[in-house]
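Trainee: Before we go through this model, can we take the backbone first and the packing afterwards?

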Amino acid sequence: MSRSIKKLTGLVAATFTPLTAEGEINLSVIGPYIDYLIENQNVKSVFINGTTGEGCSLTVDERKQLAAVWCQHGKGKLEQVIVHVGCMSIKDSQELARHAASIGADGIAVISPSYFIPVNADALRLFIKEVSTFAPDLPMYYYHIPSMTGVAFDAADVLNGIEQVIPSFQGVKYTGTDLRDLGQCVCYSQSHNWSVLFGVDEQLLGALVLGVHGAVGSTYNYLGCIVNKMLAAFDNGNHMQTRALQFEFMEVITFAKNLGFDVSVNKQVMSEVSGLAMGPPRLPLLPCPVSKAQAIAQKVKDFSQGH
């Protein structure tokens, strides 16, 4: 890599993809969306077209349009725009990686293919490598989310030796609950100055203790200001306050899960809390009953106003 790399740390919002009532991408929302994240949540980095953004339900052209507008409107405002480029087809992933480099993205991330699942870490590492060659100057992150991909092997196995084949590799977005594997990722990453970002929002404190460098999550779209306070308390050694905030956060998520909490519900909650029109999800996800989203949104607002 020829350019200096700014390490990815702190809170990163896994962004929703705004859609019109007819189900088309609504690019006009992204500018106000960026302003809301910065001004209302103090969140200045984004991870776009991932799970929260319904990336795998979007066309390659839609993903390009979204990435271009996020980079355009985020320039001079956002610290980092990470574009998820993972697809079932390596050719599509390579094209999205090439495009991300051309529009000035700050990094790219790749999820494992989930129809033909890599048989081992070597196969997945090779897939990531072949994608990275189309954006050799962009930091590459592996997006580990076994609950969605069906990948059965450890993320630490993927990281082992990856720097020898992917010079641009800079870390992992770890969306899993295996703290042993997560700890191994943190340990291996230390000597390389990579970023390990945790992706299970309601379990963030456990990951912070293991030494992760930040977090990527959907709830940081509307609870980022509170979680930033939790991170500050942790950094200041105020563990009682950190635990108290984490426990309250868990209560909100538990309330949501008891009602049924998936990407479509979460998207509607974002609309209710932020006032931004996120629109419906794309099939096969079904629209969320407004009453359910409003109940969760009220819980979110009560939590935020209490701090």
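The questions below concern this predicted model, its backbone and its nonpolar cores.

Trainee: Which peptide bond is cis, and what is its omega?
Mentor: Most peptide bonds are trans. Here the bond from L283 to P284 is cis. P284 sits in the loop between α11 (263–274) and α12 (290–305). For this bond, omega is near 15°.

Trainee: Is N49 buried or exposed?
Mentor: Phi of N49 is positive, near 65°, and N49 belongs to the loop between β2 and α2 (60–74). Its relative accessible area is 2%. Buried means under 20%, so N49 is buried.

Trainee: Where is N42 found, and what is its relative accessible area?
Mentor: N42 is a residue other than glycine with a positive phi, near 55°. N42 lies in the loop between α1 (30–41) and β2 (45–48). The residue is partly exposed, and its relative accessible area is 44%.

Trainee: Which helix gives the most to the largest nonpolar core?
Mentor: The largest nonpolar core has 89 residues, of which W70, Y142, L204 and V269 touch the most other members. With eight residues, the helix that gives the most to this core is α9 (residues 220–235).

Trainee: Which residues does W70 touch, leaving out those up to four places away in sequence?
Mentor: W70 is among the four residues that touch the most other members of the largest nonpolar core. Contact here means heavy atoms within 4.5 Å. With sequence neighbours up to four places away not counted, W70 touches T15, I30, Y33, I34, L37, V46, I48, L78 and V81.

Notes. Residues numbered from 1 in each chain as written. Predicted model: local features only at pLDDT ≥ 70, side-chain atom pairs only at ≥ 80, totals over all residues. Heavy atoms only, no water. Helix = DSSP H or I, 4+ residues; strand = E, 2+ residues; numbered from the N terminus. Buried < 20%, exposed > 50% of the residue type's maximum accessible area, 1.4 Å probe, protein only. Core = buried A, V, L, I, M, F, W, Y, C linked by side-chain atoms within 4.5 Å.
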